[in-house]
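Me: I am new to this structure and would like a friendly walk through it. Could we take it one question at a time?

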Amino acid sequence: MIIYTDIVSGDEIVADTFKLVPNKDFDILWECDCRKYMKRVGEDFQLEGANPSAEEGDDDEGGEGETTMVHDIEDQFRLVWLKAEEGAKPSKESYKTHIKSYLKKLHKNAAPKFEVPGDPEATEKAEAAWKKKAAGAMKMILANWDNYDVLMGQSTDGEAMHVLIDFREDGVTPYATVWADGLKEVKV
C-alpha cells in the first residue's frame, strides 16, 4: 500500500486505495472518487442507510454525540475542514494568495523531473510546460471555487496542500482533487 503525504506538512492526504487518476485537462492534478458518506455518531460509525435497530441498535438513540456526514477520505486521513473566521470556507482571494505561494513549493519539488541531462533547452521546455499546466490548473480551480469544499491535513499547516472536494456531473459522487507534485509516496 502507498500512502501519499503532503510535501510541506507531512500529513497523510490519500492512499493508492483511492484510485488516483490525472485530471482530464491538467495531469498536474490528481482526482479520486470518494466513497459513500458515513455518519459519525460520537465515535461509532454507521454507513448511510444502515438500520441500527436491525442490528445491535441502542434504544437510547439520539441523546449522545453529534451526527455528521463525512467523506471517507476526510475520515480515513483525518482531514480538517478549512474555514475562515466567519465559519465559511476561505475566500477565492485568500485561496489565490495561498496557491501562489504553494505553487512555488510544488515547482521546487517538481524541478528534478524537468532536468534532461546535457540538454538545457529540453529542460527549459519541460519546466515551461509544467508552469503552463500549473497556471491552467489554478485558473480552473479559481473558476470553480464556489463548488469546492476545502480540507487540509490534520496539522492544519496553512502553508500545506488544500484538498478540494467537489461532485461529479451526476451530482451524487464526491471526488477529491490534489496536486500530484505536492505528494510524496510512502510505502507501508
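What follows is a set of questions and replies about a predicted model.

Me: Let's start with strand 11. How many of its residues are buried?
Reply: Strand 11 covers residues 174–179 and is mostly covered. Pro 174, Ala 176 and Val 178 point one way, while Tyr 175, Thr 177 and Trp 179 point the other way, and all are buried. The count of buried residues is therefore 6 of 6, taking buried as under 20% relative accessible area.

Me: Which residue of strand 11 is the bridge partner of Glu 31?
Reply: Strand 4, made of residues 29–33, pairs with strand 11 in the antiparallel sense, over 5 bridges. Glu 31 is bridged to a residue of strand 11, and that partner is Thr 177.

Me: And which residue of strand 11 is the bridge partner of Asp 166?
Reply: Strand 10 (residues 162–167) runs antiparallel to strand 11, and 4 bridges join the two. For Asp 166, the bridge partner in strand 11 is Tyr 175.

Me: Which residue in the hairpin of strand 10 and strand 11 takes a positive phi?
Reply: This hairpin has 6 residues between its strands. The positive phi is near 75°, and the residue that takes it is Gly 171.

Me: Now the helices. Are helix 2 and helix 3 roughly parallel or antiparallel to each other?
Reply: Helix 2 spans residues 92–114 and helix 3 spans residues 120–143, and their axes lie 11 Å apart. The two pack at an angle of about 155°. Angles over 145 degrees count as roughly antiparallel. Helix 2 and helix 3 are therefore roughly antiparallel.

Me: How many nonpolar residues does the contact of helix 2 with helix 3 have?
Reply: On the helix 2 side, the residues include Tyr 95, Ile 99, Leu 103 and Phe 114, and they meet helix 3 residues including Ala 126, Trp 130 and Met 138. By class, this contact has 2 polar and 5 charged residues, and its nonpolar residues number 13.

Me: Which strands stand at the edges of the open sheet with the order 2-1-12?
Reply: This sheet has 3 strands with antiparallel pairing. Two of them have a single partner strand each, so one side of each is left without a neighbour in the sheet. Those edge strands are strand 2 (12–15) and strand 12 (183–187).

Me: Which residue of strand 2 is the bridge partner of Tyr 4?
Reply: Strand 1, residues 2–6, runs antiparallel to strand 2, and 3 bridges join them. Within strand 2, the bridge partner of Tyr 4 is Val 14.

Conventions:
Residues numbered from 1 in each chain as written. Predicted model: local features only at pLDDT ≥ 70, side-chain atom pairs only at ≥ 80, totals over all residues. Heavy atoms only, no water. Buried < 20%, exposed > 50% of the residue type's maximum accessible area, 1.4 Å probe, protein only. Helix = DSSP H or I, 4+ residues; strand = E, 2+ residues; numbered from the N terminus. Pairing = 2+ DSSP bridges. Axes fitted to C-alpha atoms, helices over the stretch in contact; angles between N-to-C directions. Parallel < 35°, antiparallel > 145°, perpendicular 65-115°, else oblique. Contact = heavy atoms within 4.5 Å. Nonpolar A, V, L, I, M, F, W, Y, C, P; charged D, E, K, R; others polar.
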